[in-house]
Amino acid sequence: MVALAVNAFVLFGLGMHVFLKLNEKGFRTVPERVWRHWINHPEARRGPIGELLDFASGGNSLKETAIYFEELRTTEIVPFERDLRVMHICVTAAPLLGLLGTVTGMLATFGALATGSGGDKTMALVAGGISEALVTTETGLIIALPGLFFQYQLARQHERYKSFLTHLETICTQKLYKKLRKQEKLAHG
C-alpha cells in the first residue's frame, strides 16, 4: 500500500506540475494576430510569448533563427517530455502494484488456512488476506484510470504547445526571409 501511495503521489504531483507549467506558457491565451503584431513591434511584447519572441527573434540570418528555435525547443519541450514519460510509467505501474498486493493478500490467506485450526481466528485471518488482496487491486485501478486520462490530456496540451512553437518558428522565419530579401533588393538596386 505504501508503494501505491508513493506511485499516486508522483503521478498526480508531476501531472499538476506539467499542467501548471503548460498553463503558465500562455500560448492559448494570446491570439495569433497579437503575437504576429509583436514580431514586428518588439516594444509591444508582453508575457511569456513576448519573452519567447525576444529570445527567438534575435537572429540576423535564417540559420541563426533556426539555431535559436532549436535551443528553444530543447529548453521548452524536453522537460515536459521527461515528466510525461515518468507519468506514463507510474500509470503502467499502478495496476501492477495492485496485483502485487493481491498476491501478498492471497499468500496471507493461504498461510492462515494452512496454519489455522478452522475457528473464528482462522476465518478472521482469511478474511483479512482476501480484503487486502481486493483493496490493493481496487486501489491500483483507481490510481491508474484517472492517471491515464490525466496523462492523455496533458500529452495533448503538450502537442498543442509543440505545434504552437513550430507555427511561431514558421512565421518568424517567413518574416525574416522577407526582410532579408527586401534588404538585398535595396542593396542591389
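1. A crossing of two helices is called right-handed if the near helix is turned clockwise from the far one, and left-handed if it is turned anticlockwise by less than a right angle. In this predicted model, helix H2 passes helix H3 in a right-handed crossing. The two helices, H2 spanning residues 32-40 and H3 spanning residues 47-56, pack at an angle of about 35 degrees, and their axes lie 10 Å apart.

2. The contact between these helices can be assigned to particular residues. H2 contributes Trp35, Trp38 and Ile39, while H3 contributes Ile49, Gly50 and Leu53. Sorted by class, the residues of this contact comprise five nonpolar and one polar, with no charged residue.

3. Glu32 also belongs to helix H2. Its relative accessible area is 34%, and Glu32 is therefore classed as partly exposed, since that class lies between the limits of 20% and 50%. Glu32 is separated from Leu168 by 136 residues in sequence, yet the C-alpha atoms of the two are 9.3 Å apart in space.

4. Turning to the longer-numbered segments, Gln157 is placed in helix H5, which covers residues 120-188. Gln157 counts as buried because its relative accessibility is 10%, and the class is defined as under 20%. Leaving aside residues up to four places away in sequence, Gln157 touches Phe19, Leu22, Asn23, Phe27 and Arg28.

5. Val103 is located in helix H4, residues 62-115. With a relative accessible area of 42%, Val103 is partly exposed. Val103 and Ala133 are 30 residues apart along the chain, and 6.7 Å separates their C-alpha atoms.

6. The largest pocket holds about 320 Å³ of space. Its lining consists of 15 residues, and those nearest the centre of the pocket are Ile39, Asn40, Lys175, Leu176 and Lys179. H2 and H5 are the elements that give two or more residues to this lining, and H5 supplies the largest share, with six residues.

7. The class composition of the pocket lining is five nonpolar, five polar and five charged residues. For the contact of H2 with H3, the corresponding figures are five nonpolar, one polar and no charged residues. Ile39 appears in both settings: Ile39 is one of the H2 residues that make the contact with H3, and Ile39 is also among the lining residues nearest the centre of the largest pocket.

Notes:
Residues are numbered from 1 along each chain as its sequence is written. This is a predicted model: local features need pLDDT of at least 70, side-chain atom pairs count only at pLDDT 80 or more; totals for chains, interfaces and linings use all residues. Side-chain values use heavy atoms; hydrogens and water are left out. Axes are lines fitted to C-alpha atoms, for helices over the stretch in contact, and angles run from 0 to 180 degrees between N-to-C directions. Helices (H or I, at least four residues) and strands (E, at least two) are DSSP runs, numbered from the N terminus. Contact means heavy atoms within 4.5 Å. Ala, Val, Leu, Ile, Met, Phe, Trp, Tyr, Cys and Pro count as nonpolar, Asp, Glu, Lys and Arg as charged, and the others, Gly among them, as polar. Buried means under 20% relative accessible area, exposed over 50%, partly exposed in between (1.4 Å probe, protein chains only). On a 1 Å grid over the protein atoms alone, a cavity is a set of points where a 1.4 Å probe fits but cannot get out, and a pocket is an open set with protein on both sides within 12 Å along at least five of seven lines; lining residues have an atom within 4 Å of a point. Grid points are joined across faces, edges and corners, and a volume is the space filled by probe spheres set on the points.
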